[in-house]
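Q: Please explain how the terms applied to this structure follow from their definitions.

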Amino acid sequence: MKKVCIFCGSSMGKDPIYKEEATKVANYLYEQKIDLVYGGGNVGIMKILADTTLDLGGKAIGVIPQFLMDIEVDHKSLTELHVVDSMQDRKRFLVEISDGFIAFPGGIGTLDELAEILTISQLRVYDKPLGIYNFNGFFDHLLKFIEHATNEGFIQAAHYNNLIIDDDIESLIQRMQNFKPVQMAHWLKKIKNESSVN
Ligand code: AMP
């Protein structure tokens with residue numbers, strides 16, 4: 001992976017651990033010669049990731065919709081800043097230019113971006129790894145929901161098992177590097193069978 005996109009909070013979070021972990025992630029990406037791709041903001045965890053990367057001499061690439069530029073939350077010193085028309089265009093752009101994705105703690109914006117990748121991954125629109133950085137048990141409740149939906153037959157077990165969940169950034173990125181997507185034919189056959197569709 002040459003470029004990894006991180007979805008993360010536009011807030012800092014209450015516990016200093018979030019800021020500390022963001023610094024650690026940026027350092028590790030830099031060590032691995034992986035460029036940071038993110039939402040282009042100059043606030044919250046986004047700012048920590050971008051500033052740390054730039055201070056190290058690494059590349060930080062932002063993708064931001066025009067309306068967020070208009071309220072001046074964009075980072076002014078990024079290596080590249082791509083301005084797009086809408087939140088939907090931003091997601092498409094982030095997905096196209098990145099080789100993998102990491103969900104870092106955040107709020108609704110992070111959840112939206114994470115859901116986008118979960119959906120396109122299971123439909124195999126792209127075969128790029130998605131890592132959930134679950135330090136401090138941050139995503140435990142969301143993962144419980146995904147597990148529940150899997151047990152109830154609404155998420156394929158293969159897709160659940162396809163998620164790369166880790167509380168150690170080095171192991172998360174190494175597992176992402178070794179990612180092999182599930183085969184689509186198997187689960188499509190299963191959902192067609194249960195719906196009696198040829
Ligand atoms: P949230 O998790 O709700 O704080 O939203 C953060 C995610 O949504 C980031 O990954 C960004 O892509 C996007 N986002 C939300 N707010 C902003 C902002 N003020 N500036 C730039 N991007 C933002």
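A: The ligand is surrounded by 17 residues, the closest being S10, G107, G109, T110 and E113; a residue is near a molecule if one of its heavy atoms lies within 4 Å of it. This is a predicted model, in which local features need pLDDT of at least 70 and side-chain atom pairs count only at pLDDT 80 or more, while totals for chains, interfaces and linings use all residues. Residues are numbered from 1 along each chain as its sequence is written, and side-chain values use heavy atoms, with hydrogens and water left out.

Q: What makes T110 a polar contact of the ligand?
A: A polar contact is a pair of N or O atoms within 3.5 Å; within protein, one must be able to donate a hydrogen and the other to accept it, and residues adjacent in sequence count only if both atoms are side-chain atoms. An N or O atom in the side chain of T110 is 2.6 Å from a ligand oxygen, so the pair meets the cut-off. Backbone N or O atoms also lie 2.8 Å from a ligand oxygen in G109 and 3.3 Å from one in C8. Taken alone, the ligand exposes 480 Å², of which the protein buries 86%; accessible areas come from the Shrake-Rupley method with a 1.4 Å probe, and for residues only the protein chains shown count as cover.

Q: Why is T53 called buried?
A: Buried means under 20% relative accessible area, exposed over 50%, and partly exposed in between (1.4 Å probe, protein chains only). T53 has 5% relative accessibility and therefore counts as buried. The residue lies in helix α2 (residues 44–56), and a polar atom of its side chain is 2.7 Å from the backbone oxygen of L49.

Q: Why does N134 count as buried?
A: Its relative accessible area is 11%, so N134 falls under the 20% limit. N134 lies in the loop between β6 and α6. Not counting residues up to four places away in sequence, N134 touches F139, D140, L143, I165, D166 and D167, where contact means heavy atoms within 4.5 Å.

Q: How do you know that the buried residues of α6 line one face?
A: The buried residues of α6 are L143, I146, A149 and T150. Seen down the helix axis, they fall within an arc of 120°, so they line one face; the arc is that of the directions from the axis to the C-beta atoms. On the other side of α6, H141, K144, F145 and N151 are exposed.

Technical notes. Helix = DSSP H or I, 4+ residues; strand = E, 2+ residues; numbered from the N terminus.
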